[in-house]
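This report covers the contacts of a protein–DNA model, then the arrangement of its chains and helices. The sequence and structure come first.

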Protein chains: 2
Amino acid sequence: MSANPSFMSGVPELLVLRLLQDREMYGYEIVAAIAAVTGQVVAPKEGVIYPLLHDLEKEGLLRAQRRPAGGRTRVYYTLTSKGVRRLFDLTDDWTRMTRVIQHVLKGPLHAI
Amino acid sequence: MSANPSFMSGVPELLVLRLLQDREMYGYEIVAAIAAVTGQVVAPKEGVIYPLLHDLEKEGLLRAQRRPAGGRTRVYYTLTSKGVRRLFDLTDDWTRMTRVIQHVLKGPLHAI
DNA sequence: ACTTGATACCTATTATAGATAGGTATATGG
DNA sequence: CCATATACCTATCTATAATAGGTATCAAGT
């Protein structure tokens with residue numbers, strides 16, 4: 001019984017990297033942005049995103065900078081070059097995999 | 001370090017249901033068929049498929065019949081009507097989710 | 001006859017990730 | 001002053017795939 005659909009593996013990571021490709025963002029903002037850009041179809045909570053951001057930073061895919069903003073402190077994340085490469089790789093994986101499955105779901109199987 | 005790509009959640013279940021939509025199949029056959037129809041892009045091993053088949057049967061999505069074939073005993077699985085409904089639901093979920101993510105990956109985010 | 005590899009079934013354990021459900025602190029609006 | 005939103009965090013649970021075995025039968029080759 002999950003709020004999100006059951007095809008989530010790797011998706012939060014992919015979306016975080018994609019969002020950060022355009023501009024730096026902070027965690028709380030990312031949580032809201034994912035829900036917004038997917039029209040609530042995918043909406044991982046803070047309990048998913050914050051640990052993920054920490055892991056990605058540890059892996060060197062993101063750079064974190066704690067910075068005061070609007071009276072409070074935010075942690076802004078940017079993509080490293082390694083993070084950009086990971087985004088491309090994951091996007092390729094994602095595209096290849098979904099294309100194949102789409103094909104299996106829609107097409108006649110004997111033709112394969 | 002997994003053999004399969006990292007977007008696997010729910011995919012084996014979806015593919016098993018899809019394959020059984022066309023005709024009855026037995027476990028070992030399903031393992032090979034998934035690898036075949038996906039061109040090895042998705043290739044879950046027996047350790048994934050057999051427990052999954054047992055679970056789906058327990059849920060009433062599949063019917064299992066042990067039957068001798070070619071000198072040995074095979075367990076043939078067929079979709080129940082509940083299994084058909086599940087296939088449709090999961091296919092809808094899959095399509096909705098991948099369409100949205102595809103859009104986010106390719107499109108400009110400000111347009112959303 | 002013996003051995004190897006393919007067929008066909010199975011499960012126990014481990015690893016990974018998302019889900020759940022909290023907690024802390026500051027700022028803002030009523 | 002209080003409630004809500006903002007902004008960060010983590011510990012635990014759960015679901016599911018990956019790993020790594022095991023058993024037994026059959027067919028083919030030596």
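## Surface near DNA strand C

In this predicted model, both protein chains contribute elements to the surface near DNA strand C. From chain A, α1 (11–22) and α3 (46–58) each supply at least two residues. From chain B, α2 (27–37), α3 (46–58) and β3 (72–79) each do so as well. The largest share, five residues, belongs to α3(B).

There are 33 residues around DNA strand C, and those that come nearest are A:N4, A:G47, B:Y26, B:G27 and B:Y28. By class, the surface near the strand holds 13 nonpolar, twelve polar and eight charged residues.

## Chain A

Chain A contains four helices and three strands. Read from the N terminus, the order of its elements is α-β-α-α-β-β-α. The C-alpha trace of chain A spans about 60 × 35 × 20 Å along its principal axes.

## Relation of the two chains

In general, two copies of a chain are related by a rotation about an axis and a shift along it. Here chain B is superposed on chain A by a rotation of 180 degrees with 0.0 Å of shift along the axis, and the RMSD is 0.1 Å. This is the relation of a two-fold axis. Within chain B, B:S9 has the C-alpha nearest the axis, at 2.6 Å from it.

## Contact between chains A and B

How many residues does each chain give to the contact? Chain A gives 27 residues and chain B gives 27 residues. On the side of chain B that touches chain A, the elements giving two or more residues are α1 (11–22) and α4 (81–106). The most come from α4(B), with ten residues. That side of chain B divides into 16 nonpolar, seven polar and four charged residues.

Of the interface residues of chain B, 100% are also interface residues in chain A, so the copies meet through the same surface.

## Packing of α1(B) on α3(B)

Two packed helices are described by the angle between their axes and the distance between the axes. For α1(B) and α3(B), the angle is about 70 degrees and the axes are 11 Å apart. Angles of 65 to 115 degrees count as roughly perpendicular, and α1(B) and α3(B) are therefore roughly perpendicular to each other. The crossing in which α1(B) passes α3(B) is right-handed.

On the α1(B) side, the residues that meet α3(B) are B:P12, B:E13 and B:V16. Their partners in α3(B) are B:V48, B:I49, B:L52, B:L53 and B:L56. The contact of α1(B) with α3(B) comprises seven nonpolar residues, no polar residues and one charged residue.

## Packing of α2(B) on α3(B)

The axes of α2(B) and α3(B) come within 10 Å and cross at roughly 125 degrees. That angle makes α2(B) oblique to α3(B). The crossing of α2(B) past α3(B) is right-handed.

Which residues of α2(B) meet α3(B)? They are B:G27, B:I30 and B:V31, and on the α3(B) side the residues are B:E46, B:I49, B:Y50 and B:L53. The contact of α2(B) with α3(B) has five nonpolar, one polar and one charged residue.

B:I49 and B:L53 of α3(B) appear in the contact with α1(B) and in the contact with α2(B). B:G27, which meets α3(B) from α2(B), is also one of the residues that come nearest to DNA strand C.

Notes:
Residues numbered from 1 in each chain as written. Chains lettered and ligands numbered in written order. Predicted model: local features only at pLDDT ≥ 70, side-chain atom pairs only at ≥ 80, totals over all residues. Least-squares fit on C-alpha atoms with pLDDT ≥ 70 in both. Contact = placed C-beta atoms within 7 Å. Near = placed C-beta within 6 Å. Nonpolar A, V, L, I, M, F, W, Y, C, P; charged D, E, K, R; others polar. Axes fitted to C-alpha atoms, helices over the stretch in contact; angles between N-to-C directions. Parallel < 35°, antiparallel > 145°, perpendicular 65-115°, else oblique. Left-handed = near helix turned anticlockwise from the far one by under 90°.
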